[in-house]
Amino acid sequence: MRRVLKPGGRLLLSVMHPAGYPVTHPEDDYFALTKYSEDYILDGQTVWPTFWHRPLHAMSDAFAAAGFRIVTISEPPPSPDTPAEMLPPDKVKGSGSFMCFLFFVLESA
């Protein structure tokens with residue numbers, strides 16, 4: 001992606017928050033790069049998405065090595081107008097709790 005951006009161009013991306021992994025997998029090494037799957041029920045059907053856990057330093061190091069500068073890191077809460085049925089049961093509307101994502105704004109060098 002860095003190759004196709006003009007100098008000063010921006011890339012916006014979201015990743016799973018690395019702090020969530022040790023909560024759901026406390027026996028595993030936070031610093032290890034790990035591929036894992038979890039089951040979720042969506043519309044009455046079970047799905048098993050696959051994730052790749054990376055510690056925060058691995059992400060920031062990879063962005064720098066690719067020629068990006070981190071402009072913003074954000075842990076946004078759900079929008080106040082999000083319908084309650086769209087939120088996971090463990091997230092309280094308006095609690096300020098993050099949704100397990102990190103959002104990055106990267107700028108090409």
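Here are some numbered notes on this structure, which is a predicted model.

1. Let's begin with the overall layout. The protein chain holds two helices and seven strands. Reading from the N terminus, the order of elements is β-α-β-β-β-β-α-β-β. If you are tracing the chain by eye, that string is a handy guide to keep beside you.

2. Next, some totals for the chain. It has 109 residues, and 25% of them count as buried. The exposed area of the protein chain comes to about 7,600 Å², with carbon and sulfur atoms supplying 61% of that area. As for contacts, take those between residues at least 6 apart in sequence: 59% of them join residues at least 24 apart.

3. Now for the interior. Nonpolar side chains tend to be buried together in soluble globular proteins. Here the largest nonpolar core is made of seven residues, namely L11, M59, F63, F68, L102, F104 and L106. Two elements, α2 (56–65) and β7, each give two or more residues to this core. The biggest contribution is from β7, with three residues.

4. L11 is a good core residue to click on. Setting aside neighbours within four places in sequence, L11 is in contact with M1, L5, F68, F104, V105 and L106. Among those partners, F68, F104 and L106 are also listed as members of the largest nonpolar core.

5. Which residues form a nonpolar patch on the surface? They are M16, F101 and F103, and together they have about 240 Å² of accessible area. F101 belongs to strand β7, which covers residues 101–108. With a relative accessible area of 33%, F101 is partly exposed. It can join a patch because its value is over the 30% that patch membership asks for. So β7 is worth a second look: F101 in this strand is part of the surface patch, while β7 also gives three residues to the largest nonpolar core.

6. On to charges. Side chains of opposite charge can pair when their charged atoms come close. How many salt bridges does a search of the whole structure find? The count is two. One of them pairs E107 with R10, and their closest N and O atoms are 3.4 Å apart. This pair links distant parts of the chain, with E107 in strand β7 and R10 in strand β1 (residues 10–16), 97 residues apart.

7. E107 also forms a salt bridge with R69, where the closest N and O atoms are 2.8 Å apart. R69 is in strand β6 (residues 68–74) and E107 in strand β7, so this pair ties together parts that are 38 residues apart in sequence. Taken together, R10, R69 and E107 are linked in a network of salt bridges.

8. Is E107 buried or exposed? E107 is buried, with a relative accessible area of 17%, because buried means under 20%. Its two partners are partly exposed: R10 has a relative accessible area of 48%, and R69 comes in at 46%.

9. Please have a look at T34 and F51 as well. T34 is found in strand β2 (residues 34–37), and F51 in strand β5 (residues 50–53). The two residues are 17 apart in sequence, with their C-alpha atoms 8.2 Å apart in space. Apart from neighbours within four places in sequence, T34 is in contact with Y21, F51, W52 and H53. The side chain of T34 also reaches the backbone oxygen of A32, at 3.3 Å.

10. F51 itself counts as buried, at 14% relative accessibility. Not counting residues up to four places away in sequence, F51 touches M16, T34, K35, Y36, E38 and Y40. One of these partners, M16, is also a member of the nonpolar surface patch.

11. Finally, a backbone detail to check. Most residues other than glycine have a negative phi. D43, though not a glycine, has a positive phi of about 55°. Where does D43 lie? D43 is in the loop between β3 (40–42) and β4 (45–47). D43 is exposed, with a relative accessible area of 82%.

Key. Residues numbered from 1 in each chain as written. Predicted model: local features only at pLDDT ≥ 70, side-chain atom pairs only at ≥ 80, totals over all residues. Heavy atoms only, no water. Helix = DSSP H or I, 4+ residues; strand = E, 2+ residues; numbered from the N terminus. Polar contact = N/O pair within 3.5 Å; in protein donor to acceptor, adjacent residues only side chain to side chain. Contact = heavy atoms within 4.5 Å. Patch = residues over 30% accessible without salt bridge, like charges linked within 9 Å, V, L, I, M, F, W, Y side chains within 5 Å. Areas by Shrake-Rupley, 256 points an atom, 1.4 Å probe, with all protein chains shown as cover. Salt bridge = Lys/Arg side-chain N within 4 Å of Asp/Glu carboxyl O. Buried < 20%, exposed > 50% of the residue type's maximum accessible area, 1.4 Å probe, protein only. Core = buried A, V, L, I, M, F, W, Y, C linked by side-chain atoms within 4.5 Å.
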